[in-house]
Amino acid sequence: MGWQTAAGTTRRRYWSNASVTAYRPDFVREDGSDKSAPFAVNFPSYSEDHETVVLPNKGDGFSLVGKDVDQKLAGVAYRRASTLSNGVVTIAVSKRSLVPEFSAAEAKRTEVLLRELNEDMVYILAPVTYGSR
């Protein structure tokens, strides 16, 4: 499990692979193509990822950074829920396609939102004294 030092602090954090909900789309079409044609969605499709981390000292001083997600973008429903309870972190992420395609207008509207969602991770933040020697 790779813990890294969080930028601008001495605290260590763990980034969960399971917390990634979206992707970095590129909906730009080349000149000459039908720029108003809809974009295909892998439909039907459903995926779910879970991660559970048991923290030392019953999680005393640990915290979660990142928000839960419940969004519908570009024909897909994205959900993420994370909890820290009794020293156990649980992260659940699901992606469910809703339609076989979405419009070019929606692609333009959602491209930035999908990129932002892709960058929004869940981190477990260790207490300041954790791991100090």
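## Helix H1

In this predicted model, helix H1 covers residues 104-119, 16 residues in total. From its first C-alpha to its last it reaches 23 Å, close to the 22 Å expected at 1.5 Å a residue. Even so, H1 isn't straight throughout: there's a bend of about 45 degrees at Thr110.

## The buried side

Which residues of H1 are buried? The list runs Ala104, Ala107, Thr110, Glu111, Leu114, Leu117 and Asn118. An α-helix has 3.6 residues a turn, so residues three or four places apart point the same way. Thr110, then, turns up twice here, as the site of the bend and as one of the buried residues.

As for what they pack against, the buried residues of H1 meet four strands: E3 (39-40), E6 (69-73), E7 (76-85) and E9 (101-102).

## The sheet next door

Two of those partners, E6 and E7, belong to an open sheet of 4 strands, ordered E4-E8-E7-E6 and paired antiparallel. Strand E4 (46-54) and E6 stand at the edges with a single partner strand each, so one side of each has no neighbour in the sheet. Going from one strand to the next, the twist averages 5 degrees.

Zooming in on one pairing, E6 and E7 run antiparallel to each other and share 5 bridges. Within it, Gln71 sits opposite Tyr78 in E7.

## How helix and sheet meet

H1 packs on this sheet by touching E6 and E7. What angle does the direction of H1 make with that of E6? It comes to about 155 degrees. So E6 is an edge strand of the sheet as well as one of the strands H1 touches.

Conventions:
Residues numbered from 1 in each chain as written. Predicted model: local features only at pLDDT ≥ 70, side-chain atom pairs only at ≥ 80, totals over all residues. Heavy atoms only, no water. Helix = DSSP H or I, 4+ residues; strand = E, 2+ residues; numbered from the N terminus. Expected span 1.5 Å × (residues − 1). Bend = angle between axes of the 7 residues up to and from the residue. Buried < 20%, exposed > 50% of the residue type's maximum accessible area, 1.4 Å probe, protein only. Contact = heavy atoms within 4.5 Å. Pairing = 2+ DSSP bridges. Axes fitted to C-alpha atoms, helices over the stretch in contact; angles between N-to-C directions.
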